[in-house]
Amino acid sequence: MFVTFKNRSKHMLEFLKQPWPWYLAGPLIGLTVPALLLLGNKSFGISSSLRHICASCFPANIPFFKYEWKKEVWNLVFVFGIFLGGAIAMQLLSNPNPVVVNPKLAAELAGYGITNYENLVPTDVMNWTSLFTLRGFLLMVVGGFLVGFGTRYAGGCTSGHAIMGLSNLQWPSLVATISFMIGGLIMGNLILPYILSL
Amino acid sequence: MQQDNNTDFEIRSLDAICVNESHLEHKWYHNSKYLIVGILFGIVFVKSEVVSWFRIQEMFRLQSFHMYGIIGSAVVVGMISVWLIKKFNIKTIYSETIEFHTKSFNKGQIYGGLLFGLGWAVTGACPGPLFAQIGTGATVILATLISAIAGTWVYGLFRDKLPH
């Protein structure tokens, strides 16, 4: 009996270490919506945390950042949790095998010198040394700026618009989600190949 | 005083979808609930490879169903949850009525949405995954995060001059 249990928990851990399929991960992410609502009347949204960081650290008398950010501390605690979750997943549930991607993508990326699939980010082009090259600067600094500027201009990101907004049947969130996808399709297919070739 | 509170809420709600006004005052440690949800969420993020730059490239090249399956099933579960909460008037654990905010359309959702889409495909991350990626040890992504905070700040600075 005990041996079976031990075996089972071993199998469970092995299972958890594998990449989780979409039909498990998607519903779990969706459950964040009711979890936050039921725990404290909070609407799911992550990009707002960037605004709260501005409001708490560099308000600079800008009206957009002059509000009582302390009321939104929950959001900062939540993203700190995401950071910790990333660390825990890496330490305890790490998949020993590299990410498996579509062979067509792997072939294309190999052409840009991206062959290391050990990490979640492509360390061949995203590392501290490459940060100071034109390619790395465009990938990380300019890309990051577009993420921060664009999400706030759009009033939300994938969580606030695509998941929370669509869950609440808000059509402006559908407009935003379609715009995210169009922007991503343009960058991924038409512009990024040139950046990666630099 | 009441007037002040309302003004504050209006400013906080600007371009933000995630502002719900809870009228309850809690001690700081009540926030640990959100820490736990965040941790679980971060683990799912990493284990489903949603935070993988490679997975985002696959998605935008239409080479894999994985990301579409995740976002699609998350939305379906979210929709059913919101519908159930409204239908049965389910309250929070503190017996507060759950409030939903309608989102009004402005052109920022298109312009900003397109700009964010460009950034999403380059960095391979939306704001949530940035935090998770740093957690997994990709410290250089701190530069991306700081840049994203700078982008948000610059938006705040020029907000009045941008078309909405």
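E58(B) is buried, at a relative accessible area of 3% (buried is under 20%, exposed over 50%, partly exposed in between, with a 1.4 Å probe and protein chains only). Let's work outwards from this residue in a few exercises.

The model is predicted, so local features need pLDDT of at least 70 and side-chain atom pairs count only at pLDDT 80 or more, while totals for chains, interfaces and linings use all residues. Residues are numbered from 1 along each chain as its sequence is written, chains are lettered from A and ligands numbered from 1 in the order in which they are written, and side-chain values use heavy atoms, leaving out hydrogens and water.

**Exercise 1.** Find which residues salt bridges join into one network with E58(B).

*Solution.* Start with the partner: E58(B) and R55(B) meet through their side chains in a salt bridge of 3.0 Å, N to O (a side-chain nitrogen of Lys or Arg within 4 Å of a carboxyl oxygen of Asp or Glu). Both residues lie in helix α3 of chain B, three residues apart, about one turn of the helix (helices are DSSP runs of H or I, at least four residues, and strands runs of E, at least two, numbered from the N terminus). Next, R55(B) also bridges to E49(B), with the closest N and O atoms 2.9 Å apart. Shared partners thus put E49(B), R55(B) and E58(B) in one network. Finally, check burial: R55(B) counts as buried at 11%, and E49(B) does too at 5%.

**Exercise 2.** Locate the salt bridge that crosses between chain B and chain A.

*Solution.* The rule finds one across this interface. E108(A) pairs with R61(B), their closest N and O atoms being 3.0 Å apart. On the chain A side, E108(A) sits in helix α6 (residues 103–110); on the chain B side, R61(B) is in the loop between α3 and α4. E108(A) is partly exposed at 26%, whereas R61(B) is buried at 10%.

**Exercise 3.** Describe the interface of chain B and chain A by its contacts and buried area.

*Solution.* First, count: 121 residues of chain B contact 135 residues of chain A (heavy atoms within 4.5 Å). Then take the area: the two chains bury about 11200 Å² between them, 74% of it on carbon and sulfur atoms (accessible area, 1.4 Å probe, that two parts lose on being put together, summed over both).
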